[in-house]
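Subject: Structure handover

Hello,

Here is the structure I promised to pass on. My notes on what turned up follow below it.

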Amino acid sequence: MNILITGGSSGLGKAIVERLLNDERNHILFTYYRHSEEAVRLTGMSANIQAFKCNFCDEEDVERLIEEIALYKPDVLVNNAYVGFAQGKHFHKTSSADFEESFRYNLIPTIRITQACINEFKKRKFGKIINILTTALLNLPPIGYAIYASNKAYLQQLSKSWNTEYSKYNITANCVSPEFMQTNLSAEVDERVVEQLSNSHPLHCLLTPQEVAETVTYFVYASQQINGVNIPINAGQDIIK
């Protein structure tokens, strides 16, 4: 399958790329921006992988990616990229401009990329959309997650709209909601908080990107009957009711 993974050069995205490379039938196109050396390393792992430099904050870069999508003709889209950090300021200290900027650099590119992929999916009457969310949507989010959790909630509702509108075209939209992981996204979290999270975890160890990549891989190969599903990966700490 042709698989497009946004934000594939670090953290969870890199783990997904590496996991899906285990199947030589897959052809992977991943986006990156800052982690050029890692992108080069990944592309050297297989002839079936391409890297596409794309700054989600640059409209011209996003437009170039959309043009590439029409040529690449993906079967699967993994919406993984996120600009910024999960941990931010308290809500009352966060300016409306910060919310607006994050929406513009995260959700608008994701919307445009997904629209481009859906246009290709509809032509072949087949496609899979996999969205990376967060368990912060299941219960009360951590302090400072106002922007991050809001963006992910918006993406979750978009995913439900895609279920409604595109199931008849044999297009699925599923979500994976991981708990806290130690990646670049969580780099702003205090080490004492990380230690506390680890000590209070039911398994006494934090979730790894590789574990989440296994769930993403499940959706890549799952039947098209699996649609509209959100899988939380959190050792049962929060339950979807």
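Let me start with one residue, N48, which sits in the loop between helix 2 (36-43) and strand 3 (49-53). Its side chain reaches the backbone oxygen of E24 at 2.9 Å. Setting aside residues up to four places away in sequence, N48 touches E24, N26, H27 and I28. Please keep in mind that this is a predicted model.

**The chain as a whole**

The chain has seven helices and seven strands. Along the sequence, their pattern reads β-α-β-α-β-α-β-α-β-α-β-α-α-β. There are 241 residues, and 48% of them count as buried. Take the contacts with a separation of 6 or more: residues 24 or more positions apart account for 72% of them. The accessible surface is about 12,400 Å². Carbon and sulfur atoms hold 51% of that surface.

**Two cores**

In soluble globular proteins, nonpolar side chains tend to be buried together. Which residues have the most contacts inside the largest nonpolar core here? They are I113, I129 and W162, in a core of 28 residues. Four elements each supply at least two residues of this core: helix 3 (59-72), helix 4 (96-124), helix 5 (146-166) and strand 6 (171-178). Helix 4 gives the largest share, seven residues. Another core lies apart from it, with 27 residues. Among them are I3, F30, A39 and I49.

I129 deserves its own look. Leaving out residues up to four places away in sequence, I129 touches L77, N79, T114, I118, F121, W162, I171, T172, A173 and N174. W162, one of these partners, is also named among the residues with the most contacts inside the largest core.

**Strand 5 and its surroundings**

Strand 5 is mostly covered. Six of its six residues are buried. In a regular strand the side chains alternate between the two faces of the sheet. Which residues of strand 5 point which way? G127, I129 and N131 point one way, while K128, I130 and I132 point the other way. All of them are buried.

Strand 4 (residues 76-79) pairs with strand 5 in the parallel sense, over four bridges. Within this pair, N79 stands opposite N131 of strand 5.

After strand 5 (127-132) comes a loop that leads to helix 5, and T134 lies in it. Is T134 buried or exposed? It counts as buried, because its relative accessibility is 6%. The T134 side chain reaches the backbone nitrogen of A136 at 3.0 Å. Beyond residues up to four places away in sequence, T134 touches Y148, K152, V176, S177 and P178.

**K122 in helix 4**

K122 has its place in helix 4. With 30% relative accessibility, K122 counts as partly exposed. K122 and Y169 are 47 residues apart in sequence, but their C-alpha atoms are 6.0 Å apart in space. Apart from neighbours within four places in sequence, K122 is in contact with Y166, Y169 and I171.

**Y32 and the cysteines**

Y32 is found in strand 2 (residues 27-32). Y32 counts as buried, because its relative accessibility is 16%, and the cut-off for buried is under 20%. Not counting residues up to four places away in sequence, Y32 touches S9, A39, A51, F52, K53 and C54. A39, one of these partners, is also listed in the core of 27 residues. In sequence, Y32 and C54 are 22 residues apart; in space, their C-alpha atoms are 5.9 Å apart.

That brings us to the cysteines. A disulfide is a covalent bond between the sulfur atoms of two cysteines. How many disulfides does the structure hold? The count is zero. For C54, the nearest cysteine sulfur is that of C57, 9.6 Å away. C54 counts as buried, at 3% relative accessibility. C117 also counts as buried, at 0% relative accessibility.

**Where to look**

When you open the model, try N48 with E24, the pairing of strands 4 and 5, and I129 with its partners.

Best wishes

Conventions. Residues numbered from 1 in each chain as written. Predicted model: local features only at pLDDT ≥ 70, side-chain atom pairs only at ≥ 80, totals over all residues. Heavy atoms only, no water. Core = buried A, V, L, I, M, F, W, Y, C linked by side-chain atoms within 4.5 Å. Buried < 20%, exposed > 50% of the residue type's maximum accessible area, 1.4 Å probe, protein only. Contact = heavy atoms within 4.5 Å. Disulfide = S-S within 2.5 Å. Polar contact = N/O pair within 3.5 Å; in protein donor to acceptor, adjacent residues only side chain to side chain. Areas by Shrake-Rupley, 256 points an atom, 1.4 Å probe, with all protein chains shown as cover. Pairing = 2+ DSSP bridges.
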